[in-house]
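Reader: I have a structure open on my screen and would like to walk through it with you. Could you take my questions as they come?

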Amino acid sequence: MPNYYEEISQNVITGQLDRVKQLTQQAIGAGNNPVEIINQGLIPGMSVVGARFKAGQMYVPEVLMSARAMNAGMDLVKPLILSEDIPSAGKVVLGTVKGDLHDIGKNLVGMMLESAGFTVINVGVDAGPEKFLQSIKEHQPGVIGMSALLTTTMLAMKDTIELLKEEGLRDKVKVMIGGAPISQDFADEIGADGFAPDAGSAADLCKKLLA
Ligand code: B1M
């Protein structure tokens, strides 16, 4: 039986959506285990993309093409598996903070987290503290991730952390923040658990926070 996994990984890395679909379909047809197709083909390819992006060897458009190729493969495989068969690395509630509409970076972070096996609940843009709170109560994530691209909206992150304290939930969830104007110093200042400078680092940070 041909080993499809390496070829699927390579085509995810190069963002060849049609080829990933074709190979995934062939792998399914040849009787390969759907969970193995994900864990040994699709996700390892995206992990390489994450590492290269973090190292500055790949750029946003290429990463988006890879993510789309991976998702096309996922779409074929997912209906074949019971959800409980796919081990989740943990739940992350992710959003762009109140007053801020920038979501390209946040969505990239979401894709990287999903590629690393996290279940992502995306609360969208312009998400105020109450929206994060509501989502935390509903989904009980291990981590919340807040993104801000404007210096004027950064402080909304602090408001969310303060609301979590008021509600007695601060020690139940880790807080990860990021976005162009954000720094480790700012994260320390507002009492976040971690700062990630890019999408690849965000996935690594989430693993650390939940370890
Ligand atoms: Co806006 N914008 N924008 N904009 N915009 C910036 C951010 C700006 C730096 C441009 C500039 O003046 N040079 C500037 C902010 C200045 C400041 O505050 N320091 C700015 C401004 C001023 C504005 C408006 C106020 C303009 C106006 O209307 N007068 C307005 C505000 C609207 C609002 O939000 N309320 C506005 C609007 C817009 C558009 C709607 C037109 C559009 C957004 C479209 C969209 O997102 N759907 C837009 C865009 C595209 C940009 C730039 C050009 C690009 C942002 C981007 O997507 N980068 C930006 C200038 C720039 O950055 N060069 C700019 C690519 C993306 C992959 O990177 O988002 O940094 P980034 O995400 C990275 C990391 O930061 C990190 O990982 C990502 C991947 O590596 N990261 C996280 C991000 N979130 C993370 C979360 C994490 C961890 C890591 O954990 C949770």
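Reader: Which residue in β2 is the bridge partner of Gly90?
Author: In this predicted model, Gly90 has Phe118 as its bridge partner in β2. That pair belongs to the ladder between strand β1, residues 90–97, and strand β2, residues 118–127, where seven bridges join two strands that run parallel.

Reader: And how does the chain cross from β1 to β2?
Author: The connection goes through helix α5, residues 104–115, and the resulting β-α-β crossover is right-handed. Helix α5 itself lies across β1, β2 and β3, and the direction of α5 is at about 170 degrees to that of β2.

Reader: What about β3, how many bridges join β1 to that strand?
Author: There are five bridges between β1 and β3, the latter covering residues 143–147, and these two strands also run parallel. Within that pairing, Gly95 stands opposite Met146 of β3. Helix α7, residues 156–166, packs on the sheet as well, where α7 touches β1, β3 and β4 (174–178) and makes an angle of about 155 degrees with the direction of β3.

Reader: So what is the order of the strands in the whole sheet?
Author: The sheet is open and has five strands, in the order β2-β1-β3-β4-β5, with parallel pairing. Its edges are formed by β2 and by β5 (194–195), each of which pairs on one side only.

Reader: Switching to the ligand, which protein donor does the cobalt atom have?
Author: The only protein donor is His102, through its NE2 atom, at 2.2 Å from the cobalt atom of the ligand.

Reader: Where is His102 found?
Author: His102 sits in the loop between β1 and α5, and α5 is the helix of the right-handed crossover that we discussed above.

Reader: Now the N-terminal part: at what angle do α1 and α3 pack?
Author: Helix α1, residues 4–13, packs against helix α3, residues 34–54, at about 35 degrees, and their axes are 8 Å apart. The crossing of α1 past α3 is right-handed. Among the residues that meet there are Tyr5, Ile8 and Val12 from α1, and Ile37, Leu42 and Met46 from α3. By class, the residues of this contact divide into ten nonpolar, four polar and two charged.

Reader: And α4, which residues make the contact with α1?
Author: The axes of α1 and α4, residues 60–77, come within 7 Å and cross at roughly 140 degrees. The contact is made by Asn11, Val12 and Ile13 on the α1 side and by Ser66, Ala69 and Met70 on the α4 side. Four of these residues are nonpolar and two are polar, with no charged residues.

Definitions and conventions: Residues are numbered from 1 along each chain as its sequence is written. This is a predicted model: local features need pLDDT of at least 70, side-chain atom pairs count only at pLDDT 80 or more; totals for chains, interfaces and linings use all residues. Side-chain values use heavy atoms; hydrogens and water are left out. Axes are lines fitted to C-alpha atoms, for helices over the stretch in contact, and angles run from 0 to 180 degrees between N-to-C directions. Helices (H or I, at least four residues) and strands (E, at least two) are DSSP runs, numbered from the N terminus. A crossing is left-handed if the near helix is turned anticlockwise from the far one by less than a right angle, and right-handed if clockwise. Contact means heavy atoms within 4.5 Å. Ala, Val, Leu, Ile, Met, Phe, Trp, Tyr, Cys and Pro count as nonpolar, Asp, Glu, Lys and Arg as charged, and the others, Gly among them, as polar. Two strands pair if DSSP finds at least two bridges between them. A crossover is right-handed if, with the strands pointing away from the viewer, the path from the first strand over the helix to the second runs clockwise. Donors are N, O and S atoms within 2.8 Å of the metal (3.2 Å for Na, K and Ca); water is not among the atoms, so sites may look incomplete.
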